[in-house]
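Open the structure in your viewer and keep the selection box handy. We'll go stop by stop, and at each one I'll say what to select and what is there.

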Amino acid sequence: MTHFAFQLAHKLGDAFADLGLSRDLGAVVRAQKAEFGHFQCNGAMAGAKQAGKNPREVATAVAARLAKDPDIARVEVAGPGFLNITLSDAALVAQAETIAADERAGAQLVEVPRRVIVDYAGPNVAKSMHVGHLRATIIGDSIKRLYRFRGDQVWGDAHFGDWGFQMGLLIATLAQELPDLPYFDADFTGPYPDASPVQLADLERIYPAAAALAKTDVEARDRARKATAELQAGRPGYRALWQHFVAVSRGALEREFAALGVTFDLWLGESDADPLIPGMITDLEAKGLLQDDQGARVVFVHDKMVPKKDGGEGPNVAPLLVVSSEGSAMYGTTDLATIVDRVKRFQTDLIIYCVDQRQADHFETVFRAADKAGYMPREGLDHIGFGTMNGQDGKPFKTREGGVLKLHDLITQVQEKAQAKIDEAGVGQDWPQDERADIAHKVGIAALKFADLQNFRGTSYIFDLDRFLSFEGKTGPYLLYAAVRIKSILRKADEAGFAAGPVVSLEGAERDLILVLDGFEHALRGAYDKRAPHILADHAYSLAGAFSAFYAACPIMNAAEADVRASRLTLAKATLTQLLIALDLLGIEAPERM
């Protein structure tokens, strides 16, 4: 199905082309006021400059070419040469019925599907999720859903931080605390225990203390480095112990993600890329890309020199540090090897990294290195950064004690507050407790996700849970209420034996609702092309608002005529289908009642 803006742009483009002008002048936008019709085009102003004519003259000529189009009721020339376009009721009715009959609510698939990996969340072994992971998780999951819905083959990858020096810190510290465990006995031949000797709480206690000690204690640091080297060399006991670290960490993390309604197709970690590093370094060397630089080995990726703040000149993009002066592979080395791994495993066309905006320079360096080495074209690699979730003081959100808030605690806080709001409103006092708890959870998660996704991802926002949980205004609970209300209407209609039917004569609120429904494909394309879920969130909010106005102005169950009631039920069903799809793409689930 082609939405109205696209259809009109095509028709106007033909009209401008007939005048010897660019087809691109036919672009239209939705009119902001009813007196301006349904759509507006201002291409006549630019076209007049091309043609050396008066803008109104050009606009009048274009309008004349559209005057006989059956889908257009009126084309008016306004002001210096604006074109105000009003669609015919016949066109609106036909579009409404097409949308209503389409399970995808009018959404189209991409013309050329791609193989896409979305890298998001970035959890680590031995660390609980905290609020700093929230935006990466919510935004990345929405983009994965959006790309998959549009027809791409998509894998969501947690990119698990499961390798490197932190693993050596854990092993070395545990060897000090529990030296009798079989994992530390070089003569032990196995099998090693199936049950882990540690849980996530143990790892969370060990890691920060060990990391702090290694900064000041040379012997502790050397023990951790030795353990890291032996782990990476394949020492059986250390590998078995490391697998326990990974399993207990992943199990706890998956519970946190499940509470957010987030899943991953892949849990490939840094450990999966590690075996590729030696061969990759050899390849980079063979291609003449590895250069010596102050004892380290780097890949230079800059394309020009720029003035430095402290004088002189330096590269406009920092080089990729591949091998440190101590001979170690670095963080960027692993990221480059991960690209090699993903291309090899999945033949990816596009890799999207949903990571904090502060990592932008790092990713630009890695992406340029991947392009320069021929591993993946630069245009196939994209870092979509995001701002921070801040407290009322405008600084990154913290606990009252000033610490970083764990994600589990945040979710619990949101759910408890949602339950209190529902209790305060007296919702479902006689409903089963399990259902009430499920509703509270869905309301809380909707509040949390929509508060994030309604903002352009590059901006920061203030965390205000009371505002997020409001059932009025631009909030997740407001959207859930809209969906639940439509579900209730349709249930009552079904119980009364009322069926949906053909769309008939329209009132103003019905026309407005159809025009918003028609805008779904445009919103999807914008969110997809710009990798910006807020465009879809804006559409969902507009749709809920348009239905609210329609519901107030156009009685459904009490419609005076049966065919009008059937028509309005069709519009209600179409709205619900589209709203639920939009919510699902944002990672939000609506309850059946509330």
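Select residues 520-530 to bring up helix α19, where Phe 520, Glu 521, Ala 523, Leu 524, Gly 526, Ala 527 and Tyr 528 are buried. Buried here means under 20% relative accessible area, exposed means over 50%, and partly exposed is in between, with a 1.4 Å probe and protein chains only. Helices are DSSP runs of H or I with at least four residues, strands are runs of E with at least two, and both are numbered from the N terminus. Now add α5 (134-149), α18 (508-518), α20 (534-553) and α21 (562-585): the buried residues of α19 pack against these. Contact means heavy atoms within 4.5 Å. Just after α19, click on Arg 531, which takes a positive phi of about 50°.

A word on what you are looking at: this is a predicted model, in which local features need pLDDT of at least 70 and side-chain atom pairs count only at pLDDT 80 or more, while totals for chains, interfaces and linings use all residues. Residues are numbered from 1 along each chain as its sequence is written, and side-chain values use heavy atoms, with hydrogens and water left out.

Zoom out for a moment. The chain has 21 helices and 15 strands, and its C-alpha trace spans about 85 × 70 × 45 Å along the principal axes. Of its 594 residues, 50% are buried.

**The parallel sheet**

Next, select β6 (153-157) and β13 (381-384), then β5 (115-119) and β12 (350-354). These 4 strands form an open sheet in the order β6-β5-β12-β13, with parallel pairing. β6 and β13 are the edge strands with a single partner each, so one side of each has no neighbour in the sheet. On average, neighbouring strands are turned by 20° against each other, direction ignored. Two strands count as paired if DSSP finds at least two bridges between them. β5 and β6 pair over 5 bridges, and β5 and β12 over 4 bridges.

Click on Val 118. Which residue is its bridge partner in β12? That is Ile 352, while in β6 Val 118 stands opposite Gly 156. β6 is mostly covered, with 4 of its 5 residues buried.

Add residues 360-372 to see helix α13, which packs on the sheet, touches β12 and β13, and has a direction at about 175° to that of β13. For such angles, axes are lines fitted to C-alpha atoms, for helices over the stretch in contact, and the angles run from 0 to 180 degrees between N-to-C directions.

**Loops worth a click**

Most residues other than glycine have a negative phi, and most peptide bonds are trans. Ala 126 goes the other way, with a positive phi near 75°. Ala 126 sits in the loop between β5 and α5 and is buried, at 3% relative accessibility. His 159, in the loop between β6 and α6, has a positive phi near 45° and is buried too, with a relative accessible area of 13%.

Move on to the loop between α6 (165-177) and α7 (200-216), where you'll find Asp 185, partly exposed at 36% relative accessibility. Pro 191 is in the loop between α6 and α7 as well, and the peptide bond from Gly 190 to Pro 191 is cis, with omega near 0°.

**The cores**

Select Leu 170, Phe 245 and Leu 410: of the 162 residues in the largest nonpolar core, these touch the most other members. A nonpolar core is a set of buried Ala, Val, Leu, Ile, Met, Phe, Trp, Tyr and Cys residues joined through side-chain atoms within 4.5 Å. Leaving aside neighbours within four places in sequence, the contacts of Phe 245 include Val 125, Met 167 and Val 198. Apart from this core lies another, of 32 residues, with Leu 268, Leu 284, Ala 373 and Tyr 375 among them.

**Last stop: α11**

Select residues 277-286, helix α11, where Ile 277, Met 280, Ile 281 and Leu 284 are buried. Look down the axis of α11: its buried residues fall within an arc of 100°, so they line one face of the helix. The arc is that of the directions from the helix axis to the C-beta atoms. The face turned away carries the exposed residues Pro 278, Thr 282 and Ala 286. To see what covers the buried residues, add elements including β7 (290-293), β8 (296-299) and α12 (331-346). Just after α11, Gly 288 takes a positive phi of about 75°.
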